[in-house]
Amino acid sequence: MMNRTTLFLIYILLLFSLVTSDEYTSTIQKTLNSVVVEVEDSNSNIDVEVITDLNEDFGTNINSNENNKDDMNKTEYNLRVKVGNKELSATLLNNVTTRAFIEKLPITLCMLDLYSREMCYRFSKALPTDDVNFCGYEVGEIVYYPPMHSFVILYSQNGESFSMQKMGYIYSGIDVFDNIGDVDISFELANE
């Protein structure tokens, strides 16, 4: 059975992470991760599953020691992107957002063609983030836009900057998205 005080403190940290800036959220996520590690390493009666289940409800990144050990050692992932009869190759960075996305693979998303610059899919629940920055982008970048839970492929440049978590890149064939309109796009990990 979980100690009520511990559960309350974890709940407060999670709520605080939802209303603070991204730099504080990253610190809170690291603190929560260390709490889980300490609880797992001790012989306490605190139920780690209750703590980790809060992850889905709050969109934060709480991982136990056993989760993603192999993934943490990778620096990048190879992704196959299918658009109609075209196949593109992408490289994804290793971060919490990418790992959450990879857990959903293989997946086909109906992506919206927005602003003549991006293909966008809005997840119903937020993906976790750990390095959101306000910056410009490069054509071919794959990013996550946290305010709208948006997974985005940027295919044209308009000079705009916005808050994003960088996820990876499509290095060639990005012009397939020019004037394509809304379209189903499939994503799967490539054999490595």
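Helices (H or I, at least four residues) and strands (E, at least two) are DSSP runs, numbered from the N terminus. With that in hand, Asn-191 can be placed in the segment after β9.

## About the model

This is a predicted model, in which local features need pLDDT of at least 70 and side-chain atom pairs count only at pLDDT 80 or more, while totals for chains, interfaces and linings use all residues. Residues are numbered from 1 along each chain as its sequence is written, and side-chain values use heavy atoms, with hydrogens and water left out.

## Asn-191, after β9

Let us stay with Asn-191 for a moment. Accessibility is sorted into three classes: buried is under 20% relative accessible area, exposed is over 50%, and partly exposed is in between (1.4 Å probe, protein chains only). Asn-191 counts as exposed because its relative accessibility is 73%. Its C-alpha atom is separated by 9.7 Å from that of Tyr-77, although the two residues are 114 residues apart along the chain.

## Salt bridges

A salt bridge here is a side-chain nitrogen of Lys or Arg within 4 Å of a carboxyl oxygen of Asp or Glu. By this rule the model has five salt bridges.

One of them joins Glu-188 to Arg-80, with the closest N and O atoms 2.9 Å apart. This pair links distant parts of the chain: Glu-188 sits in strand β9 (residues 183-189) and Arg-80 in strand β1 (residues 76-83), 108 residues apart. Both ends have intermediate accessibility classes: Glu-188 is partly exposed at 25%, and Arg-80 is partly exposed at 22%. The pair also belongs to something wider, as Arg-80, Glu-87 and Glu-188 are linked in a network of salt bridges.

Another bridge runs between Lys-166 and Glu-141, where the closest N and O atoms are 2.9 Å apart. Lys-166 lies in strand β8 (residues 162-170) and Glu-141 in strand β6 (residues 141-145), so this contact ties together parts that are 25 residues apart in sequence. The two partners fall into separate classes: Lys-166 is partly exposed, with a relative accessibility of 28%, whereas Glu-141 is buried, with a relative accessible area of 1%.

Glu-118 and Arg-117 form a salt bridge as well, their closest N and O atoms being 2.6 Å apart. Here Glu-118 and Arg-117 are both buried.

## Aromatic pairs

A pair of aromatic rings is described by the distance of the centres and the angle of the planes. Rings of Phe, Tyr and Trp (its six-membered ring) pair if their centres lie within 6.5 Å; planes under 30 degrees apart count as stacked, over 60 as edge-to-face and the rest as tilted. The structure holds nine such pairs.

Take Phe-101 and Phe-123: their ring centres are 6.5 Å apart and their planes meet at 70 degrees, so the pair is edge-to-face. Phe-101 belongs to helix α5 (residues 96-102), while Phe-123 is in the loop between β4 (118-122) and β5 (133-135), so that this pair links distant parts of the chain, 22 residues apart. Phe-101 is buried, with a relative accessible area of 0%, and Phe-123 counts as buried at 9%.

Tyr-169 and Tyr-171 offer another arrangement: with centres 5.7 Å apart and planes at 25 degrees, the pair is stacked. Tyr-169 is partly exposed at 22% relative accessibility, and Tyr-171 is exposed at 61%.

Finally, ring pairs link Phe-101, Tyr-121, Phe-123, Phe-151 and Phe-187 into a cluster.
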